[in-house]
Amino acid sequence: MSTNKTEVAEPAADMCCASCGIAQVDDIKLKECDACDLVHYCSDECKQDHLSKHEHLCKERAAELRDELLFRQPESTHVGDCPICFLPLPINGENPRISTCCSKIICDGCSVANGLRHFRENLQQTCPFCRHPMPKTDEQNNKNYMKRVEKNDPVAMTQIGFTLENEGDYDSAIEYWSKAAELGDAIAHWSLSVVYERGKGVEKDEKKEIYHVEEAAIAGHPDARCNLGCYEMRSERYDRAVKHIIIAANLGHDEAIQALKECYKGGLVSKEEFAAALRAHQAAVDATKSPQREEAAKALGYKLMQGRN
């Protein structure tokens, strides 16, 4: 006669407090080290007692974990996809236009199509995404952004920061960018990296500059990624520089692919690596194209030429 018994697993060796050795069982819960994933502690006291023994390995492992995150290929750029046609937004030669009412970036194809529909049907101009009436003045734009800021919208915070920067109010701009960066906005991180590099409104701080440019790069900002590549190249850490440039090229960044071409000429990149990056770059660029966007480019080009005449 057999009986069913619940098997109780022995606690793993790495699930013991690194300081006092107590195992994680029942009401004893261990917490992972804040900086690395190597050890666990049962209390803040044990963590502090073990600090001198663990500090060196902790820093090494924390640096490894940071690099794993830093050199991971982002799934998309920081601007993402158009929320209407769901195609990736282009990053070369275009300044993304943000709808101030909803903080959405709409591609030219969808924007022009929306405008044509309004014209043909004699409708009031509204946002292609949320259908809010289109603002007609800068004052209305800023009012829309402030409504979004009240809802903790990081995109709106970043844009208000640019407005304040243009007015020379760097302290307030940095405050808005800092809030937006805490919420994960890549452009806010990029903007903060620039002010810490140039000392605009703050003292120059290379450590903060690098932190923010890395956060922007992790979030898919290709200019930030190329900036890191240049920084590593100047520091003669060529392997790291090439990794950054390849990641930016894979996102479809034209300047990165040109930089990678120079790396190939200089023997820093193999033929196979360069060819793979060229294919990935072209695929990323092609993914942003559509017949609707091509028609919009023609229409906008014609409008621009009419404005010059």
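# A guided tour of the model

Start by selecting Trp 177, which is buried, with a relative accessible area of 1%; buried means under 20% relative accessible area, exposed over 50% and partly exposed in between, computed with a 1.4 Å probe on protein chains only. The model on your screen is a predicted one, in which local features need pLDDT of at least 70 and side-chain atom pairs count only at pLDDT 80 or more, while totals for chains, interfaces and linings use all residues. Residues are numbered from 1 along each chain as its sequence is written, and side-chain values use heavy atoms, with hydrogens and water left out.

**The aromatic pairs**

Searching the whole structure gives two aromatic pairs, where rings of Phe, Tyr and Trp (its six-membered ring) pair if their centres lie within 6.5 Å, and where planes under 30 degrees apart count as stacked, over 60 as edge-to-face and the rest as tilted. Keep Trp 177 selected and add Phe 162: these two form an edge-to-face pair, 5.5 Å centre to centre and with 65° between the planes. Phe 162 lies in helix H5 (residues 154–166) and Trp 177 in helix H6 (residues 170–182), so the pair ties together parts that are 15 residues apart in sequence. Helices here are DSSP runs of H or I with at least four residues, strands are runs of E with at least two, and both are numbered from the N terminus. Phe 162, with a relative accessible area of 25%, is partly exposed.

Move next to Tyr 264 and Phe 274, whose aromatic pair is stacked, with 4.9 Å centre to centre and 15° between the planes. Tyr 264 belongs to helix H11 (residues 254–265) and Phe 274 to helix H12 (residues 271–287), so this pair ties together parts that are 10 residues apart in sequence. Tyr 264 is partly exposed, at a relative accessible area of 33%, whereas Phe 274 is buried, at 11%.

**Where H2 meets H8**

Select helix H2 (residues 51–70) and helix H8 (residues 206–218), which pack at an angle of about 45° with their axes 9 Å apart. Axes are lines fitted to C-alpha atoms, for helices over the stretch in contact, and angles run from 0 to 180 degrees between N-to-C directions. H2 and H8 are therefore oblique to each other, given that angles under 35 degrees count as roughly parallel, over 145 as roughly antiparallel, 65 to 115 as roughly perpendicular and the rest as oblique. To display the contact (heavy atoms within 4.5 Å), show Arg 66, Leu 69 and Leu 70 of H2 together with Tyr 211, Glu 214, Glu 215 and Ile 218 of H8.

**Two buried histidines**

His 189, in helix H7 (residues 186–198), is buried, at 5% relative accessibility. Leaving aside neighbours within four places in sequence, His 189 is in contact with Ala 181, Tyr 211, His 212, Glu 215 and Ala 216.

Then centre the view on His 244, which is placed in helix H10 (residues 238–250) and is buried, with a relative accessible area of 1%. Apart from its neighbours within four places in sequence, His 244 is in contact with Leu 70, Phe 71, Arg 225, Leu 228, Gly 229 and Glu 232. With Phe 71 in view, add Lys 243, the charged end of which sits over the ring of Phe 71, 5.2 Å from its centre; a charge sits over a ring if NZ of Lys or CZ of Arg is within 6 Å of the ring centre and within 35 degrees of the ring normal.

**Loops and the segment before S1**

Select Asn 122, in the loop between helix H3 (108–120) and helix H4 (138–150), where phi is near 55°, a positive value in a residue other than glycine. Asn 122 is exposed, with a relative accessible area of 71%. Asn 152, in the loop between H4 and H5, has a positive phi of about 60° although it is not a glycine, and counts as exposed at 51% relative accessibility.

In the loop between H2 and H3, pick Ser 76, which counts as partly exposed at 32% relative accessibility. Neighbours within four places in sequence set aside, Ser 76 is in contact with Ala 219, Gly 220 and Leu 251.

Finish with Asp 27, in the segment before strand S1 (31–32), an exposed residue with a relative accessible area of 69%. Asp 27 and Ala 277 are 250 residues apart in sequence, and from C-alpha to C-alpha they are 52 Å apart in space.
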